[in-house]
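Hi,

Here is the structure I promised to pass on. Have a look at it first, and then read my notes below.

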Amino acid sequence: MNLGPHAAFIVTAYAAAAIVLGGLIAWIRIDYRLQRRKLADLETRGVTRRSDRATPTFP
Amino acid sequence: MSALFALFIRDLRLAVRVGGGAFMGVLFFLIVVALVPFAIGPDNALLRRIGPAILWLGALLASLLTLDQLFADDHEDGSLDLILMSSAPLPLAILAKACAHWLTAGLPLVIAAPLLGVFFNIDLLSMAAVSLTLLAGTPALTFLGLIGAALAAALRRGGMLVPVLILPLSIPVLIFGVAASNAAIAGPVPFGTPFTILCALSLVSLVVGPAAAAAALKHAD
Amino acid sequence: MAITGLANPSRFLAVVQPILPWLTAATVLVLALGIGQALFAAPDDYQQGATVKIMFLHVPSAWLGMFCWALMSVAALGTLVWRHPLADVAGKAAAPIGAAFTLLCLITGALWGRPMWGTYWVWDARLTSVLILFLLYLGVIALWRTVEDPSRAARAAAILTLVGAVNLPIIKFSVDWWNTLHQPASVFRLAGPAIHPAILTPLIVMAIGFLLLFVTLHLAAIRNEILRRRVRTLQLMQAESAAE
């Protein structure tokens with residue numbers, strides 16, 4: 001794959017895409033784990049919603 | 001000493017949370033810097049010449065934006081009284097808060113500046129020079145800003161008071177910051193001369209700022 | 001209607017959780033196909049050479065950046081007019097994603113512009129409008145981060161989103177005029193490539209891939225925001241009961 005004389009720019013562009021979109025994906029995944037952990041933590045302390053006690057969202 | 005460190009960490013945490021100043025300061029910097037070409041027009045040569053000055057002005061205004069929150073929040077919820085009553089020396093406590101403020105408000109500006117240099121078609125070497133001068137000069141802005149923030153702490157309707165108090169004090173910092181940037185870009189003055197004066201200003205304000213702010217807070221009642 | 005059926009956050013979570021892995025797989029497949037085509041199968045443009053490969057990132061990012069604001073505007077209407085319970089959640093969740101696509105559009109545009117037109121940035125109408133869109137995204141995100149109570153922030157953010165939507169075409173016109181009033185120092189030809197099918201196909205595939213990526217991330221972000229609000233409610237409950 002010959003990227004020609006401006007190969008550095010092409011590579012940087014694709015790397016930027018990986019970083020920006022990868023960072024976005026990572027943030028969403030980490031945020032999910034963080035919220036799950038906080039909910040589990042609150043649950044072990046006995047703080048729950050009435051509807052969660054009836055039918056738990058995450059068994 | 002651990003009380004001062006705890007205060008430092010607390011201020012760091014508060015600044016990055018919802019309602020804290022960290023994000024807002026950089027965003028304001030970005031917007032102000034982006035506004036200037038609209039006023040001046042897309043004249044690339046002119047923009048390149050005034051680019052460093054615009055970046056410095058933007059950094060100055062963005063620092064001011066977050067400075068008046070420095071003591072106001074603590075005054076409102078009573079933690080300022082606790083800080084005043086504690087056994088840690090007041091200037092050092094203020095210094096801890098100031099360091100946290102610079103890390104969350106000043107340093108992001110230093111990091112953002114090279115990226116914004118792209119909008120002014122400033123070349124890489126010049127952008128590095130501007131960033132370096134900002135790195136040396138934004139601490140001075142923070143420490144001088146302490147004085148205004150402390151004077152305005154007890155005032156609810158302070159409003160524009162802090163900028164009005166601080167801007168005259170910040171003029172030397174601005175002058176030498178821009179002079180150092182331009183010296184690096186165009187000469188003829190060697191970069192070192194204004195840059196060392198800029199560093200000296202930061203060091204002097206490091207001492208004067210917290211001391212004056214402590215005096216202002218003590219006499220606020 | 002499906003949208004009203006999904007108004008209940010718990011029902012939304014129950015419906016969306018099993019779908020997400022499939023959406024993720026579809027996104028990965030389409031993006032892999034698109035990138036493969038973009039990098040290997042697409043021919044070099046006779047004017048621009050291989051740098052046309054940057055276009056396969058740049059154009060879909062631009063489309064998604066604008067699509068996202070349009071979606072946020074619909075969500076804003078849902079908040080203000082129809083009072084749909086999840087509308088403001090959808091709007092808040094979409095903002096960082098749209099900002100990311102717009103940022104990627106700006107970055108790839110600058111990297112495309114340097115070899116092609118000699119400069120990373122120029123204050124022409126299209127680039128400036130995208131920059132303004134990016135600033136609007138940051139403004140909405142700042143608004144969400146500043147107001148503590150999500151329901152109060154929701155109305156303010158919805159209004160800001162709609163004002164931004166109305167303002168975008170106005171900005172586009174005014175920036176056009178601004179650019180012709182002040183003659184720029186040098187004139188840049190924005191000659192784009194002629195769209196041959198060999199280049200069009202990877203572009204469409206990448207656009208679909210980006211769209212799938214957006215949908216997947218948006219649903220995941222809505223899920224996160226629902227959970228975040230639950231955490232906040234529970235923490236408030238806990239603080240209240242501790243205060244007794």
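**What I found**

In helix 2 of chain B, the buried residues are B:Ala22, B:Phe23, B:Met24, B:Gly25, B:Val26, B:Phe28, B:Phe29, B:Leu30, B:Val33 and B:Pro37. "Buried" here means that 20 or more other C-beta atoms lie within 10 Å of the residue's own, while 12 or fewer makes a residue exposed and anything in between partly exposed, with C-beta atoms placed from the backbone. Helices (H or I, at least four residues) and strands (E, at least two) are DSSP runs, numbered from the N terminus.

Some housekeeping before going on. This is a predicted model, in which local features need pLDDT of at least 70 and side-chain atom pairs count only at pLDDT 80 or more, whereas totals for chains, interfaces and linings use all residues. Residues are numbered from 1 along each chain as its sequence is written, and chains are lettered from A and ligands numbered from 1 in the order in which they are written.

Back to helix 2 of chain B. What do its buried residues pack against? They meet helix 1 (2-16), helix 3 (44-67) and helix 6 (90-117) of chain B, together with helix 5 (125-146) of chain C. Helix 2 covers residues 22-40, 19 residues, and reaches 29 Å from its first C-alpha to its last, close to the expected 27 Å (that is 1.5 Å times one less than the number of residues). Just after helix 2, B:Gly41 has a positive phi of about 100 degrees.

Now chain B as a whole. You'll count nine helices and zero strands there. The radius of gyration of chain B is 18 Å, close to the 17 Å that the globule rule gives for 221 residues, so chain B is as compact as a globular protein of that length. (That radius is taken over C-alpha atoms, and the rule is 2.2 Å times the number of residues to the power 0.38.) The C-alpha trace of chain B spans about 55 × 35 × 30 Å along its principal axes, and 48% of its 221 residues count as buried.

Chain C has seven helices and zero strands. Its C-alpha trace spans about 75 × 45 × 35 Å along the principal axes, and of its 244 residues 39% count as buried. Take contacts in chain C between residues at least 6 apart in sequence: 79% of them join residues at least 24 apart. A contact means that the C-beta atoms of two residues, placed from the backbone, lie within 7 Å.

How do the chains meet? 18 residues of chain C are in contact with 18 residues of chain B. On the chain C side, helix 5 gives the largest share, six residues. That side divides into eleven nonpolar, five polar and two charged residues. Here Ala, Val, Leu, Ile, Met, Phe, Trp, Tyr, Cys and Pro count as nonpolar, Asp, Glu, Lys and Arg as charged, and the others, Gly among them, as polar.

Of the two pairs of chains that touch, A and C have the most contacts. No contact joins chains A and B, whose closest C-alpha atoms lie 14 Å apart.

Finally, look at helix 1 of chain A (residues 7-44), which has 38 residues and reaches 55 Å from first C-alpha to last, close to the 56 Å expected. Among its buried residues are A:Phe9, A:Ile10 and A:Leu39. The buried residues of helix 1 pack against helix 3 (52-80), helix 4 (87-117) and helix 7 (197-243) of chain C. Just after helix 1, A:Gly46 takes a positive phi of about 85 degrees.

Cheers
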